[in-house]
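Biologist: Got a minute? Pull the model up and walk me through it.

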Amino acid sequence: PEIPNPIVSKGLGELRRVVNALIAEYGKPDVIRIEMARDLEMNTKRYKSFMAQQSKNTKSNDKASDAYKKIAQEHPKLQLSSYPSREQKIRYRLWLDQSHMCPYSCKQISLSALFSADIEVDHILPYSQSLNDSYMNKVVCFAKENQIKGQKTPKDAFGASTDKWEQITQAISRWPRELSSKRDAFYRTEGELLERDFIGNQLTDTRYISKEAGTYLKSLGSDVTFTRGVMT
């Protein structure tokens with residue numbers, strides 16, 4: 001298949017050579033097990049922090065669901081569904097985090113506009129470069145501003161304009177402390193992004209390969225399942 005990530009594409013190419021060699025020697029496999037990559041076990045402190053964050057996320061999602069239903073009732077012209085999707089919950093949570101403001105234009109986003117086509121969820125560090133689809137790499141912004149930013153980091157897209165960049169940095173400086181990693185992402189350039197955490201990149205690429213390998217190998221008609229790696 002056509003894969004935009006060259007590391008993953010090469011990995012699938014090697015997979016094809018190995019599997020074809022095995023088929024030539026032993027015939028088509030009945031069962032295939034793919035071992036997923038994973039990080040090392042969390043220590044107690046990290047585990048407690050993780051569970052606390054999970055609890056906070058649950059409460060935030062519940063609050064987002066309640067707000068969404070209220071908006072759907074008060075603004076029938078938006079033609080919203082009865083229950084919010086995961087993406088719509090994320091929109092509302094991001095909107096709250098950003099104090100109802102677009103981080104690129106620094107203009108207010110109204111609640112009625114939040115779920116319209118005028119507003120989009122953007123990856124601060126482009127997904128095509130970072131493969132980071134986490135909540136901390138997302139903001140809600142005006143669609144026009146997202147088009148201007150394109151597949152660039154905020155620093156690369158807006159840094160050349162001193163006034164605009166000053167406006168952006170002033171706005172995000174008022175975000176709460178727990179969003180510090182998200183705020184830091186605004187200052188990264190494409191060059192810095194390419195040089196970041198090598199091990200993290202390798203784990204991400206390996207997870208990506210595992211996922212694509214599963215889809216690819218199913219074309220053999222074999223029973224393809226995934227197992228959790230112990231210390232890959």
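Modeller: Here is a quick tour, from the overall fold to a few single residues.

Modeller: Keep in mind that this is a predicted model.

Biologist: Fine. How many helices and strands does the chain have?

Modeller: There are 11 helices and 4 strands.

Biologist: And what share of the residues counts as buried?

Modeller: Of 232 residues, 34% are buried. The chain exposes about 14,900 Å². Carbon and sulfur atoms supply 51% of that area.

Biologist: What about contacts over long stretches of sequence?

Modeller: Take the contacts with a separation of 6 or more. Residues 24 or more positions apart account for 68% of them.

Biologist: Let's go inside. Which residues touch the most other members of the largest nonpolar core?

Modeller: Y92, Y104, I109, L114, V140 and F186 do. That core has 32 residues.

Biologist: Which elements give two or more residues to this core?

Modeller: Helices α2 (44–74), α3 (86–97), α4 (111–114) and α8 (162–172), plus strand β3 (138–142).

Biologist: Is there another core?

Modeller: Yes, one of 11 residues lies apart from the largest core. Its members include I3, V8, I34 and A213. As a general point, nonpolar side chains tend to be buried together in soluble globular proteins.

Biologist: Back to Y104. What does Y104 touch, leaving out residues up to four places away in sequence?

Modeller: The list is D122, I124, V139, C141, E145, K149, P154, F158, K164, I168 and F186.

Biologist: E145 is on that list. Where does E145 lie?

Modeller: In helix α6, residues 143–149.

Biologist: Does E145 count as buried or exposed?

Modeller: Buried, because its relative accessibility is 14% and the cut-off for buried is under 20%.

Biologist: And which residues does E145 touch?

Modeller: C102, Y104, S105, F158 and K164, again not counting residues up to four places away in sequence.

Biologist: So C102 and C141 have both come up. How many disulfides are there?

Modeller: The structure holds 0. For C102, the nearest cysteine sulfur is that of C141, 5.2 Å away. C141 has the sulfur of C102 as its nearest, also at 5.2 Å. A disulfide needs the sulfur atoms within 2.5 Å, so this pair does not count as one.

Biologist: Are those two cysteines buried or exposed?

Modeller: Buried. C102 has 0% relative accessibility. C141 has 0% too.

Biologist: Change of topic: backbone. Which residue other than glycine has a positive phi near 60°?

Modeller: C106. Its place is in the loop between α3 and α4. C106 is buried, with a relative accessible area of 16%.

Biologist: What about S99? What is its phi?

Modeller: About 55°, so to speak a positive value in a non-glycine residue. S99 is also found in the loop between α3 and α4. S99 counts as partly exposed, at 48% relative accessibility.

Biologist: Last one, the surface. Which residues make the nonpolar patch of about 350 Å²?

Modeller: V18, L22 and Y26.

Biologist: Where is V18 placed?

Modeller: In helix α1, residues 6–26.

Biologist: Why can V18 be part of a surface patch?

Modeller: Because V18 is partly exposed, at 47% relative accessible area, and patch residues need over 30%.

Biologist: Good, that covers my list.

How values were computed:
Residues numbered from 1 in each chain as written. Predicted model: local features only at pLDDT ≥ 70, side-chain atom pairs only at ≥ 80, totals over all residues. Heavy atoms only, no water. Buried < 20%, exposed > 50% of the residue type's maximum accessible area, 1.4 Å probe, protein only. Contact = heavy atoms within 4.5 Å. Areas by Shrake-Rupley, 256 points an atom, 1.4 Å probe, with all protein chains shown as cover. Patch = residues over 30% accessible without salt bridge, like charges linked within 9 Å, V, L, I, M, F, W, Y side chains within 5 Å. Salt bridge = Lys/Arg side-chain N within 4 Å of Asp/Glu carboxyl O. Core = buried A, V, L, I, M, F, W, Y, C linked by side-chain atoms within 4.5 Å.
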